[in-house]
Amino acid sequence: MPDLQIIHTGDSHIDTVTHGGVNPATGLDRALEANLAAVASGVAHALEHQVAAYVHCGDAFTHGRPSMESVLLLAETLLPLVNEGIALVLIDGNHERLRVPTNQRTATSVLAALLAPHGEVHVVEREPSLVTTSTGVQVAGLPWLSKATVLTELGKTDVDPVAGDRIVVSESLRWLDEMCASADGSMPLILASHVTVDDVKIDSLATGARRGSELDITHVFAEPILPRAALEDSPVAYAALSHIHARQHLGGKCYYSGSPNRLTLTDADDPKSVNLVTLGPGNTLVSVEHLATDARAMHSIDLAAKDAGARLASLNLGALVGLRLPAGQTQVPGDVLEALTSAGARLVDTKIAPAEVTQSETVVVAERTDPVTALSTWLSTHRPDTDAAKVTQLAGELVEAVSA
Ligand SMILES: [Mn+2]
């Protein structure tokens, strides 16, 4: 069987409008337009490579009930894929579930319903399911799992939060096992999921893992976290992951594609792309390429840093800039504003460096104390290596000598 290619993406968050503002020419928010342009460039890559499937792993939208206009605009942006016979696989993210009652369909389903008359569309909403495309790829779809829903279905609503997370993780792995067991062993099989794996949990970030603009506080400190080892041990050739906005290869076959656009200043300077995944005979992973998306330019510039001047000089028209002022400064210097204006860049955030805190230690002694006790106390905190008895003895001798 010849090699087969797919595009892996996710976290498009079309309706995130941070650092946007209405474009008077179109009536649309500039951030929305930028998000759509980034998705469109990923779609163009899919068309150019004539991939078998375009897999969007969740959080196409930020709001559980996005505006009708943004749903229509995303449908129009994805339409060329289905028109060209590329199978579209859409997975629910946590954002598609926000404030959507459990007995109602999510925006993922609405998007799929709009596109389905034009070609091949698969939607994995709420419940995990194995998708087999007519173009020859199997996708084990593991959408964002709502802890409350999973625990309610299992009748385990009285467990503590940590135990609840553990139950959701074991359920997820059981679903993955079931999907893999029911897959056709002669066809390529990948995982597509909207989930955090253990390399990117909050207390692992010090080791270099990144979350980008994915900082949803309701999930960051309490979310079920899948052990990556379990995904590596599964028979899938590639794990297409989403939820974390900074693209990264976690090792083995686990990849976060990252968001196609820079959504907030947290993503400034991060490379943005979609993943072109090539699968070979015998369900093997041949290669993963990052194909750059048309992401809006964002720069986070520390004016105290050596490269600040060079970075200000290289700004392009429309670039969004966050500045960090040197310690003690509270206003953006005139020449910096001039550099931004002449480049056509837009200042969207200014951070003032916190004033330096002078560390001072206060020694507390009793209100009424004798000089020898005070001196001994001072010595024990400030000169711990000194022989306090010797010093106080010498002090006593000195006082006697002076007063004699
Ligand atoms: Mn997410």
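Trainee: How do you know that β18 and β19 are paired?
Mentor: Count the bridges in this predicted model. Pairing takes at least two bridges between the strands. Six bridges join β18 to β19 (residues 346-352). Six meets that cut-off, so the two strands pair. They run parallel.

Trainee: Which residue of β19 is the bridge partner of valine 321?
Mentor: Leucine 347. Valine 321 also has a bridge partner in β17, histidine 299.

Trainee: What makes β17 and β18 a pair?
Mentor: Use the cut-off of at least two bridges again. Five bridges join β17 (residues 298-302) to β18 (residues 320-325). Therefore they pair. These strands run parallel too.

Trainee: In what order do the three strands lie in the sheet?
Mentor: The order is β17-β18-β19, in an open sheet with parallel pairing.

Trainee: Why do β17 and β19 stand at the edges?
Mentor: Each has a single partner strand, so one side of each is left without a neighbour in the sheet. Neighbouring strands here are turned by 15° against each other on average, direction ignored.

Trainee: What links the strands into β-α-β units, and of which hand?
Mentor: Take β17 and β18 to begin with. Helix α8 (residues 308-313) completes a unit with them, and it is right-handed. Next, β18 and β19 form a unit with helix α9 (residues 334-343). That unit is right-handed as well.

Trainee: Now the helices. Why is α2 called oblique to α3?
Mentor: Look at the angle. α2 and α3 pack at about 50°. Angles under 35 degrees count as roughly parallel, and 65 to 115 as roughly perpendicular. An angle of about 50° fits neither range, so α2 is oblique to α3. Their axes are 9 Å apart.

Trainee: Is the crossing left-handed or right-handed?
Mentor: α2 passes α3 in a right-handed crossing.

Trainee: Which residues in α2 and α3 meet?
Mentor: From α2 come Val71, Leu74, Ala75, Leu78, Leu79 and Val82. From α3 come Ala107, Val110, Leu111, Leu114 and Leu115.

Trainee: What makes a residue such as Leu111 in α3 buried?
Mentor: The cut-off is 20 or more other C-beta atoms within 10 Å of its own. Leu111 is listed as buried, so its count reaches that cut-off. Ala107, Thr108, Val110, Ala112 and Leu115 of α3 are buried too.

Trainee: What covers the buried residues of α3?
Mentor: The cover includes α2 (68-83), β5 (87-91) and β6 (121-124).

Note on methods: Residues are numbered from 1 along each chain as its sequence is written. This is a predicted model: local features need pLDDT of at least 70, side-chain atom pairs count only at pLDDT 80 or more; totals for chains, interfaces and linings use all residues. Helices (H or I, at least four residues) and strands (E, at least two) are DSSP runs, numbered from the N terminus. A crossover is right-handed if, with the strands pointing away from the viewer, the path from the first strand over the helix to the second runs clockwise. A residue is buried if 20 or more other C-beta atoms lie within 10 Å of its own, exposed if 12 or fewer, and partly exposed in between; C-beta atoms are placed from the backbone. Two residues are in contact if their C-beta atoms, placed from the backbone, lie within 7 Å. Axes are lines fitted to C-alpha atoms, for helices over the stretch in contact, and angles run from 0 to 180 degrees between N-to-C directions. Angles under 35 degrees count as roughly parallel, over 145 as roughly antiparallel, 65 to 115 as roughly perpendicular and the rest as oblique. A crossing is left-handed if the near helix is turned anticlockwise from the far one by less than a right angle, and right-handed if clockwise.
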